[in-house]
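Subject: Structure for your review

Dear colleague,

Please find below the structure that I am handing over to you, followed by an account of what was found in it. I would be grateful if you could read the notes with the structure open beside them.

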Amino acid sequence: LFFLMGAEQSTKQLANHLKKLREDEAYAQNEELKKENLKKIFNGIDADKNGLIDQSECDQMWSSFKKAFKNAADKEKALIKDLRVLDEFDFQQMEHLDYNKDGKFDFEEFSAMIDYMYNRLSDD
């Protein structure tokens, strides 16, 4: 249960991070603040606190994130396109960002994953 709470809280923080990247130019250009926020999100998703996000933690994050996004898209129809992009994401698709090929994501790899996701969502 604690893991689910961590994932849900992190999902809200991640959604907020992505929204601010899109809408807040000062935030988007503040590398230190972005890294600090991503570290909090990473730590929330890293349920076993081993400094790595494994497949089950990643799956939990995606599941929670997609669920929250679907709820938002129900209220804001412009998000439907983003929801379709999100539906295509899974752990296997992120494997190319697992630079050391250990099947887990460290913070640097996680940051690259979020950048990749943001860029996919930002493509029109």
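**Findings**

L18 is buried, since its relative accessible area is 7%. This leucine has its place in helix α1. Its C-alpha atom is separated by 9.2 Å from that of D115, although L18 and D115 are 97 residues apart along the chain.

Before going further, I should state that this is a predicted model. The average pLDDT of the chain is 82, and 82% of the residues score at least 70. Confidence is highest in helix α2 (residues 25–29), with a mean of 95, and lowest in helix α5 (residues 80–87), with a mean of 69. I would ask you to keep these values in mind when reading the remarks on individual residues.

**Overall architecture**

The chain contains six helices and zero strands. Read from the N terminus, its elements follow the order α-α-α-α-α-α. Of the 124 residues in the chain, 40% are buried.

**The aromatic cluster**

Two aromatic pairs are present in the structure. In one of them, F42 and F107 meet edge-to-face, with 5.7 Å from centre to centre and 85° between the planes. F42 belongs to helix α3 and F107 to helix α6, so this pair ties together parts that are 65 residues apart in sequence. Both of these phenylalanines, F42 and F107, are buried.

The other pair is formed by F42 and F110. Their ring centres are 5.4 Å apart and their planes stand at 65°, so this pair is edge-to-face. It likewise links distant parts of the chain, with F42 in helix α3 and F110 in helix α6, 68 residues apart.

How buried or exposed are the residues F42 and F110? F42 has a relative accessible area of 1% and is therefore buried. F110, at 0% relative accessibility, also counts as buried. Taken together, F42, F107 and F110 make up one aromatic cluster.

A further contact with an aromatic ring involves a lysine: the charged end of K20 sits over the ring of Y27, at 4.5 Å from the ring centre.

**The second largest pocket**

The second largest pocket holds about 170 Å³ of space. Helices α1 (2–23), α3 (31–45) and α6 are the elements that each give two or more residues to its lining. Which of the elements contributes the largest share of this lining? That share, five residues, comes from α6.

The lining consists of H17, L21, E31, K34, K35, L38, F107, S111, D115, Y118 and N119. By character, these residues divide into four nonpolar, three polar and four charged. Two names in this list have already appeared above: F107, which pairs with F42, and D115, whose C-alpha atom lies 9.2 Å from that of L18.

**The end of helix α6**

S122 is part of helix α6, which covers residues 107–122. With a relative accessibility of 30%, S122 counts as partly exposed. The C-alpha atoms of S122 and R22 are 8.0 Å apart, while 100 residues separate the two along the chain.

**Lysines in the loops**

Three lysines in loops also deserve a remark. K49 lies in the loop between α3 and α4 (55–75). Its phi is near 55°, a positive value in a residue other than glycine.

K101 is found in the loop between α5 and α6. K101 has a positive phi of about 55° as well, although it is not a glycine. What is the relative accessible area of K101, and is the residue buried or exposed? The value is 57%, and K101 is therefore exposed.

K104 is located in the loop between α5 and α6. At 30% relative accessibility, K104 counts as partly exposed, because that value falls between the cut-offs of 20% for buried and 50% for exposed. K104 and Q55 are 49 residues apart in sequence, and their C-alpha atoms are 6.7 Å apart in space.

Yours sincerely

Terms used
Residues numbered from 1 in each chain as written. Predicted model: local features only at pLDDT ≥ 70, side-chain atom pairs only at ≥ 80, totals over all residues. Heavy atoms only, no water. Helix = DSSP H or I, 4+ residues; strand = E, 2+ residues; numbered from the N terminus. Buried < 20%, exposed > 50% of the residue type's maximum accessible area, 1.4 Å probe, protein only. 1 Å grid on protein atoms, 1.4 Å probe; cavity = no way out; pocket = protein on both sides within 12 Å on 5 of 7 lines; lining within 4 Å. Points joined across faces, edges and corners; volume = space filled by probe spheres on them. Nonpolar A, V, L, I, M, F, W, Y, C, P; charged D, E, K, R; others polar. Phe/Tyr/Trp six-rings, centres within 6.5 Å; stacked < 30°, edge-to-face > 60°. Lys NZ or Arg CZ within 6 Å of the ring centre and 35° of its normal. pLDDT = per-residue confidence, 0-100.
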